[in-house]
Amino acid sequence: MRYFFYYLIFALIVIVILFPMLWTFSLSIKTHADITSSIPKFIFQPTTGNYRGLFTGETGTTSLPSSKPNFPRYFMNGVIISGGATLLAMLIGIPAAYALTRARFKKESTRENLAFNILSYWFGPEIAIVLPLYQIYQRIGLIDTYLGLMLVYQLIGIPFIVWMCRSYFLDIPVSIEEAANVDGCSQVQTFFRVVLPLAKGGIAATALLTFIFCWNSFVFALVVGGEKTMPVTTGSLGFIRYQAVLWGQMSAAIIVSALPAIILAILLQKHIVRGLTFGSVKE
Amino acid sequence: MKKWIIAPAILVPILVGVIPFGYGVYLSFTNWRLANPGINFIGLENYYFLFKDQNFWKAVLISFEYVGMAISIELALGSLIAYLLTKNRRGQWFFRSIIIIPLTVAPILLSLMWKLMLSTSGGVVNYFLGFIGISPVAWLADPKIALLTLAFIDAYIYTPFVALILFAGLQSLPRDPYEAALVDGASGFDSFRYITWPLMRPLVLVSVMFRLVISFKIFDTIYATTSGGPGTSTTNLHLWVYLNAFRYGDMAYAMAGAVILYLIIYILTNVFVRMWKNATSYI
């Protein structure tokens with residue numbers, strides 16, 4: 001009886017969490033007429049029209065304007081910008097994380113302070129950086145460019161990667177590295193042959209989460225991005241701005257944009273709590 | 001270990017973060033406008049008007065109200081879920097996979113899902129409430145409840161974050177003190193007060209700090225659902241800054257607001273980091 005009560009609450013929570021996604025999915029396979037009916041329809045003839053429209057650019061109804069958001073482009077932009085930003089942040093962040101784990105400083109506290117300084121970027125309000133950056137980017141021609149966005153996304157990537165990788169490196173016993181040194185490995189060799197293989201699971205999870213954070217970020221893309229570089233987050237708002245709201249296609253766009261994150265969420269379960277708390281909570 | 005490999009991880013964020021922000025602080029003392037390229041130094045004028053601007057103070061207040069509402073809901077529900085998770089080992093993997101999903105999908109996509117469901121014309125939430133005799137509610141269009149609705153959307157996205165952190169903490173609690181307390185005749189409340197709470201406090205602080213900062217500077221979900229309206233009833237400080245910059249074109253004035261936003265977050269974070277250090281000092 002007690003267990004019945006638990007399962008009931010769990011079932012309720014699962015329903016509350018999944019319902020918005022399932023409902024959005026149901027909207028994405030409805031026709032425009034079914035969506036806009038005044039009473040929500042639970043039984044309807046499913047259609048793939050919204051998904052086809054998303055990629056071919058047809059709106060499906062004649063009463064709506066033909067100029068519409070270019071979703072495939074937004075998706076590709078998201079992949080390019082988030083992928084590029086993640087790659088760059090890994091190149092910069094992983095060596096730094098390792099140095100912040102093992103390098104000797106004159107004062108022992110320097111290491112902690114540097115790490116905290118790098119972390120603090122994550123907490124700053126984006127708008128305070130992006131307003132002046134808007135002007136700077138306009139002057140040097142980086143506005144609405146992939147490079148410009150990848151650079152500013154380093155504020156998301158570097159702090160996260162430094163903290164996460166550091167937390168994984170700290171898990172590796174120093175004695176293993178010392179043993180490698182005794183066996184004649186240089187510091188660089190130790191890093192590539194001993195440390196990286198041991199931490200590769202954590203590093204991979206960190207990379208994927210960095211990608212997701214970049215994929216999900218909004219303010220940077222809104223202000224210093226533009227029509228050419230628009231990713232799915234700002235792009236999915238485009239379905240509202242036209243003369244009428246393209247509910248069906250917007251739903252389809254939401255589902256397609258959310259899918260990578262949903263899949264990763266399930267795959268990365270083990271690493272996610274640690275990732276979301278910057279390594280402060282380990283499981 | 002060469003320490004210079006940390007340098008890029010420090011220099012890149014300085015380049016795209018600190019320098020723009022510093023330049024922004026300078027710009028907040030000028031008359032920079034979106035349409036007008038000429039920039040003149042005008043001293044403290046922007047700040048003077050800012051402190052007399054009722055809309056600005058209202059935005060500050062709304063930020064705090066929003067954070068207060070969202071965090072209360074999230075802590076209450078999050079502790080409940082965390083507690084239930086410890087009581088139920090079967091199906092835990094499935095349940096955790098589900099509750100992680102809202103944390104990885106872009107907040108803007110989730111809030112768009114809610115916007116679809118909360119719509120007053122054919123929205124599914126009002127339709128369901130109709131069955132239990134509740135007349136349609138303008139969730140996002142009624143100035144009295146729009147902010148609360150947004151806090152609930154925030155809770156939908158971030159309650160799992162609090163739940164997972166607290167759950168990780170509850171799982172790592174040692175068994176022995178509880179048995180000792182039981183032998184000594186301590187009540188359930190006593191063991192909570194003297195064992196669970198002191199051990200859990202750092203984690204509660206970590207989750208509250210993350211939630212506090214991120215909800216305080218929340219932007220994307222509000223921008224996508226209400227854009228700060230109806231009226232200014234959901235315009236928090238981050239949105240206020242954005243609207244002043246890009247809707248009214250008053251960049252310097254907006255930047256002054258952004259500096260204040262930065263200062264508030266800076267103070268909040270420091271208070272919590274200090275509290276966290278105190279709470280962990282004896283563990």
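Here's a quick briefing on the structure above, moving from chain A as a whole to its helix packing, its contacts with chain B and two backbone oddities. Keep in mind that this is a predicted model. Chain A is built with 15 helices and 0 strands, and 72 of its residues are in contact with 70 residues of chain B.

**Chain A at a glance**
- The C-alpha atoms of chain A fit a box of roughly 75 × 70 × 30 Å along the principal axes.
- Chain A has 283 residues, and 48% of them count as buried.
- If you take the chain A contacts between residues at least 6 apart in sequence, 75% of them join residues at least 24 apart.

**How far to trust it**
- The average pLDDT of chain A is 85, and 92% of the residues score at least 70.
- Within chain A, confidence peaks in helix H7 (residues 146-152), at a mean of 95, and is lowest in helix H13 (residues 238-241), at 74.
- As a reading rule, predicted coordinates should not be read in detail where pLDDT is low.

**Helix packing inside chain A: H8 and H10**
- Helix H8 (residues 154-171) of chain A packs against helix H10 (residues 187-216) of chain A, with the axes 9 Å apart and an angle of about 155 degrees between them.
- Angles over 145 degrees count as roughly antiparallel, so that is how H8(A) runs relative to H10(A).
- The crossing of H8(A) past H10(A) is right-handed.
- On the H8(A) side, the residues that meet H10(A) include A:Phe160, A:Ile161, A:Met164 and A:Tyr168. Their counterparts in H10(A) include A:Val195, A:Ile203, A:Thr206 and A:Phe213.
- By class, this contact of H8(A) with H10(A) has 12 nonpolar residues, 4 polar ones and no charged ones.

**Where chain A touches chain B**
- Which helix gives the most to the side of chain A that touches chain B? That's helix H1 (residues 2-28) of chain A, with 12 residues.
- The side of chain A that touches chain B has 54 nonpolar residues, along with 16 polar and 2 charged ones.

**A helix pair across the two chains: H14(A) and H5(B)**
- Helix H14 (residues 247-267) of chain A and helix H5 (residues 107-118) of chain B cross at roughly 150 degrees, and their axes come within 10 Å.
- H14(A) and H5(B) are therefore roughly antiparallel to each other, and their crossing is left-handed.
- H14(A) brings A:Trp247, A:Met250, A:Ser251, A:Ile254, A:Ser257 and A:Ala258 to this contact, where they meet B:Leu109, B:Leu112, B:Met113 and B:Leu116 of H5(B).
- Sorted by class, the contact of H14(A) with H5(B) comes to 8 nonpolar, 2 polar and no charged residues.

**Backbone spots to look at**
- For background, most residues other than glycine have a negative phi.
- A:Asp144 has a positive phi, near 60 degrees, without being a glycine. You'll find A:Asp144 in the loop between helix H6 (126-140) and H7 of chain A.
- Is A:Asp144 buried or partly exposed? A:Asp144 counts as partly exposed, because it has 16 C-beta neighbours inside 10 Å.
- B:Ser227 is another residue other than glycine with a positive phi, in this case near 50 degrees. B:Ser227 sits in the loop between helix H10 (220-225) and helix H11 (237-246) of chain B.
- B:Ser227 has 15 C-beta neighbours inside 10 Å, so B:Ser227 counts as partly exposed.

Technical notes
Residues are numbered from 1 along each chain as its sequence is written. Chains are lettered from A and ligands numbered from 1 in the order in which they are written. This is a predicted model: local features need pLDDT of at least 70, side-chain atom pairs count only at pLDDT 80 or more; totals for chains, interfaces and linings use all residues. Helices (H or I, at least four residues) and strands (E, at least two) are DSSP runs, numbered from the N terminus. A residue is buried if 20 or more other C-beta atoms lie within 10 Å of its own, exposed if 12 or fewer, and partly exposed in between; C-beta atoms are placed from the backbone. Two residues are in contact if their C-beta atoms, placed from the backbone, lie within 7 Å. pLDDT is the predictor's confidence in each residue, from 0 to 100. Axes are lines fitted to C-alpha atoms, for helices over the stretch in contact, and angles run from 0 to 180 degrees between N-to-C directions. Angles under 35 degrees count as roughly parallel, over 145 as roughly antiparallel, 65 to 115 as roughly perpendicular and the rest as oblique. A crossing is left-handed if the near helix is turned anticlockwise from the far one by less than a right angle, and right-handed if clockwise. Ala, Val, Leu, Ile, Met, Phe, Trp, Tyr, Cys and Pro count as nonpolar, Asp, Glu, Lys and Arg as charged, and the others, Gly among them, as polar.
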